[in-house]
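Thanks for making time. I will go through one model this morning, starting with a single loop and working towards the interior and the helices.

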Amino acid sequence: MEDIKEKICNTGGAHGADTIFENECIKHNIKVISWSFKEHNIKSLNRRILSKEELDEGFENVKKANETLKRNIYGMNIYIRNLLSRNWFQVKYSNAIYAISAIQNNMKIVHGGTGWACQQAIDNNKEIYVFDQFKNNWYKYNYTNEIFEVYKDKPILLDAFAGIGTREINENGIKAIKELF
C-alpha cells in the first residue's frame, strides 16, 4: 500500500473546499502548499507567496484557459487576476486535480473560479476529477469525448494533487472530501 505521508496537496487557501482539503491533509500528515500572493488574505499556515514573475506565468495559462471558457479576463481588477493566476501553480505541480464545484455547459465546463484551474488542468492533460456537490457524484474528465463523465468509484489521491473548489461548499462536498482520505 502506498505511504500517504509521501503525498503533497496544492491548494489555494480560500475559505470552503480549499480549507477543508487543507485540514484533511493536515490530519493525515500530507504536506500542503497553499499558493498565494501578497494581497491575498488567507489563514493557511502553509502559505507560499508567488512573485510577480510567477503570477505573470500564471496569467499566460489563464489566457490559454480563456480560449475555451470565453470569459472577460481583461476588465478584471488585479486581485481577481492574481487569484486566477495562482490557480496555475495548483495545477502545474499536481498530477491530478480533485475539485468540488458544479459542472455545466453540457458537462464540459466547471462552474465559477474553480473552472479556471480545471480548464488549465484540461489544457495540460492532467487527470481531473470533479465532485458536483448538487448532483452528489464524482465525474472524471474524458479527453476522448471532451466531457466530464460519471465516475462510479471514489477517486484515489495521487502523490501530488490539487485539492480545490468552491467557497460555498455544502455537506455533500465536505463529505466527498473527507471520504477521499
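Start at Met 107, which sits in the loop joining strand E5, residues 103-104, to strand E6, residues 109-110. Keep in mind throughout that this is a predicted model. Which residues is Met 107 in contact with, leaving aside its neighbours within four places in sequence? They are Lys 135, Tyr 139, Ile 147 and Phe 148. Tyr 141 is 34 residues from Met 107 in sequence, and the C-alpha to C-alpha separation is 9.2 Å.

Phe 148 brings us to the interior. Along with Ile 97, Ile 128 and Val 130, Phe 148 is among the residues with the most contacts inside the largest nonpolar core, which has 25 residues. At least two residues of this core come from each of the following: strands E2 (31-36), E4 (96-101), E7 (127-132), E8 (137-142) and E10 (160-165), and helices H3 (78-92) and H4 (114-123). A second core lies apart from that one; its 21 residues include Tyr 129, Trp 138, Leu 157 and Ala 176.

Take Ile 97 as an example. Not counting residues up to four places away in sequence, Ile 97 touches Val 91, Ala 121, Lys 126, Glu 127, Ile 128, Tyr 129, Ala 162 and Ile 164.

Now the helix packing, beginning with H2, residues 52-69. How do H2 and H3 cross? Their axes come within 7 Å, at roughly 85 degrees, so the two helices are roughly perpendicular to each other. On the H2 side the contact includes Leu 55, Phe 59 and Val 62, and on the H3 side Leu 84, Trp 88 and Phe 89. Charged residues take part as well, among them Glu 54, Asp 56 and Glu 57 from H2, and Arg 81, Arg 86 and Lys 92 from H3. By class, the contact of H2 with H3 holds six nonpolar, four polar and six charged residues.

H2 also packs against H4. Here the axes come within 9 Å and cross at roughly 90 degrees, so H2 and H4 are likewise roughly perpendicular to each other. H2 contributes Gly 58, Asn 61, Val 62, Lys 64, Ala 65, Asn 66, Thr 68 and Leu 69, and H4 contributes Gly 115, Trp 116, Gln 119, Gln 120 and Asp 123. In the contact of H2 with H4 there are four nonpolar, seven polar and two charged residues.

On to helix H1, residues 17-27. Its buried residues are Ala 17, Asp 18, Ile 20, Phe 21, Glu 22, Glu 24 and Cys 25. The elements covering them include strand E1 (8-11), E2, H3, E4, E10 and H5. After H1 comes Asn 29, with a positive phi near 55 degrees.

Cys 25 leads to the cysteines. How many disulfides does a search of the whole structure find? Zero. For Cys 25, the nearest cysteine sulfur belongs to Cys 9, at 3.8 Å. A disulfide needs the sulfur atoms within 2.5 Å, so a pair at 3.8 Å does not count as one. Cys 25 is buried, with a relative accessible area of 0%. For Cys 118, the nearest cysteine sulfur is again that of Cys 9, 14 Å away, and Cys 118 is buried too, at 1%.

Last, Thr 166, in the loop between E10 and helix H5 (171-180). Is Thr 166 buried or exposed? Its relative accessible area is 15%, and the cut-off for buried is under 20%, so Thr 166 counts as buried. Leaving aside neighbours within four places in sequence, its contacts are His 15, Gly 16, Ala 17, Ile 100, Thr 114 and Gln 133.

Methods:
Residues numbered from 1 in each chain as written. Predicted model: local features only at pLDDT ≥ 70, side-chain atom pairs only at ≥ 80, totals over all residues. Heavy atoms only, no water. Core = buried A, V, L, I, M, F, W, Y, C linked by side-chain atoms within 4.5 Å. Buried < 20%, exposed > 50% of the residue type's maximum accessible area, 1.4 Å probe, protein only. Helix = DSSP H or I, 4+ residues; strand = E, 2+ residues; numbered from the N terminus. Contact = heavy atoms within 4.5 Å. Axes fitted to C-alpha atoms, helices over the stretch in contact; angles between N-to-C directions. Parallel < 35°, antiparallel > 145°, perpendicular 65-115°, else oblique. Nonpolar A, V, L, I, M, F, W, Y, C, P; charged D, E, K, R; others polar.
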